[in-house]
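Work through the exercises below with the model open. Try each task before reading its solution.

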Amino acid sequence: MKLGCLVSLVCLGIGAMASKYSRDMNEPKPSSNDGKTVEFRIAKLNQVWEKAQRMQLSPGRQAELHSDLKIQEKDELQWKKLKVEGMDENGEKEAQLRRSFNVILAKYGMDGKRDTRTTESNSLKDHEMTEGDQFDDPRLDKLWNKAQSSGKFSSEELLSLKREFQHHKDKIHEYNILMDTVSRTEEIHKNVISPLEGDTKEHVLHQKHTDLKKKMKDLNQGFERLRKISHEGFTEDSEFREPRVIELWEAAKRSNLTQDELDSLKEELRHFETKVEKHNHYQEQLELSHQKLRHVESLGDTEHIKRNQEKYNTLAEKTREIAYKMKKHMQDLTNKISQQGLQHNEL
């Protein structure tokens with residue numbers, strides 16, 4: 001009887017979670033002042049999205065950008081409610097939102113800078129991973145070459161390991177973007193005249209340095225994990241396959257969660273991993289659909305083009321929806337792990 005109740009509760013919880021993420025995506029699209037339907041309820045996000053259309057980003061990159069902008073929209077609308085209620089008086093949340101927006105601009109090459117860092121999507125497409133791929137980091141390249149020639153890994157394990165290396169490369173890119181925004185903030189900080197304004201900016205700068213330290217710690221721990229796997233191989237009791245999920249699980253194990261909390265989180269991470277795999281699958285299908293559409297367009301058959309365009313548009317919308325749900329779920333899991341760990345530290 002108890003087991004039946006537990007299963008029902010887990011199913012209800014997962015169902016409620018799916019409903020929560022779907023509800024965000026299925027809200028009717030907003031309208032601008034002239035009555036035209038727009039993608040987002042915040043003007044600057046629409047401007048970024050329109051610019052992305054003109055830049056002709058790849059379908060996968062567009063879907064990733066769309067989900068990042070949806071997360072940004074949700075967070076900014078929540079912050080506006082908090083501000084009305086008189087919260088966030090020190091501007092910490094506002095500074096965090098501005099920082100995350102700047103990271104989005106830099107990540108997709110829309111910050112007006114010529115970015116020499118790699119900006120490839122983190123969709124981790126296996127079919128595009130060739131032997132000549134590099135990770136833009138001498139330590140990663142050296143480690144990968146050793147792992148590849150060690151004979152410890154099957155072809156499938158090498159693909160899994162390469163996904164982890166690619167994920168680590170993306171994390172280095174994110175760190176570089178954040179470091180760049182901190183450098184620019186410091187330049188602005190030097191020109192502050194008002195003491196009151198200076199105190200606010202000092203607080204923002206301190207928060208950015210805290211974020212940098214955390215990201216650097218995560219990078220070091222991630223590299224250590226890659227080093228260990230490259231030398232020893234995968235263990236038989238590896239809990240997860242997807243890098244995002246592995247990263248969350250490793251963070252959870254380092255926190256002060258109880259065994260019951262870890263067991264509960266592990267179950268939720270398994271469901272999240274299914275979401276990540278579904279997201280990766282749709283990313284690949286979208287790329288293939290785009291290639292087919294380009295081929296059909298070159299043939300000039302209007303009716304055929306129309307059918308394929310409709311299929312592509314439907315798939316693109318679905319891919320964006322899945323990407324948003326996955327990233328929102330990851331955001332919730334990250335917050336849960338950090339908050340629960342913090343609560344235990346305070347006890």
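**Exercise 1: a pair within one helix**

At 30% relative accessibility, Glu 94 counts as partly exposed. Buried means under 20% relative accessible area, exposed over 50%, and partly exposed in between (1.4 Å probe, protein chains only). This is a predicted model: local features need pLDDT of at least 70, side-chain atom pairs count only at pLDDT 80 or more, and totals for chains, interfaces and linings use all residues. Residues are numbered from 1 along each chain as its sequence is written, and side-chain values use heavy atoms, with hydrogens and water left out.

Task: find which residue forms a salt bridge with Glu 94.

Solution.
- Apply the criterion: a side-chain nitrogen of Lys or Arg within 4 Å of a carboxyl oxygen of Asp or Glu.
- The partner is Arg 98, with the closest N and O atoms 3.6 Å apart.
- Place the pair. Both residues sit in helix α4 (residues 92-107), 4 residues apart, so about one helical turn separates them.
- Check the partner's exposure. Arg 98 has 45% relative accessibility and is therefore partly exposed.

**Exercise 2: pairs between helices**

Task: state which helices are tied together by the salt bridge of Glu 247 and Lys 171.

Solution.
- Start with the distance. The side chains of Glu 247 and Lys 171 meet at 3.0 Å, N to O.
- Assign the helices. Glu 247 belongs to α8 (residues 243-254) and Lys 171 to α6 (residues 155-190), so the bridge ties parts 76 residues apart in sequence.
- Add exposure. Glu 247 is partly exposed, at 24% relative accessibility.
- Now take a second pair: Lys 215 bridges to Glu 174, the closest N and O atoms being 3.9 Å apart.
- Lys 215 lies in α7 (residues 195-232) and Glu 174 in α6, so this pair ties parts 41 residues apart in sequence.
- Both ends are partly exposed: Lys 215 has a relative accessible area of 29%, and Glu 174 is at 24%.
- Widen the view. Glu 64, Asp 68, Lys 107 and Lys 327 are joined into one network by salt bridges that share partners. The structure holds 27 salt bridges.

**Exercise 3: a loop residue**

Task: decide whether Glu 242 is buried or exposed, and list its contacts (heavy atoms within 4.5 Å).

Solution.
- Locate Glu 242 in the loop between α7 and α8.
- Its relative accessibility is 5%, so Glu 242 counts as buried.
- Leave aside neighbours within four places in sequence. Glu 242 then contacts Arg 163, Glu 273, Val 276, Glu 277 and Asn 280.
- Take Glu 277 from that list. Its C-alpha atom is 7.7 Å from that of Glu 242, though the two are 35 residues apart along the chain.

**Exercise 4: helix packing and the whole chain**

Task: classify the angle between α3 (residues 59-84) and α9 (residues 259-299).

Solution.
- The angle is about 135°, and the axes are 8 Å apart. Axes are lines fitted to C-alpha atoms, for helices over the stretch in contact, and angles run from 0 to 180 degrees between N-to-C directions.
- Under 35 degrees is roughly parallel, over 145 roughly antiparallel, 65 to 115 roughly perpendicular, and the rest oblique.
- α3 and α9 are therefore oblique to each other.
- From α3 come Pro 59, Gly 60, Ala 63 and Glu 64; they meet His 279, Gln 283, Leu 286, Glu 287 and His 290 in α9.
- Finish with the totals. The protein has 10 helices and 0 strands, taken as DSSP runs (helices H or I, at least four residues; strands E, at least two) numbered from the N terminus.
- Of its 347 residues, 39% count as buried.

Technical notes:
Contact means heavy atoms within 4.5 Å.
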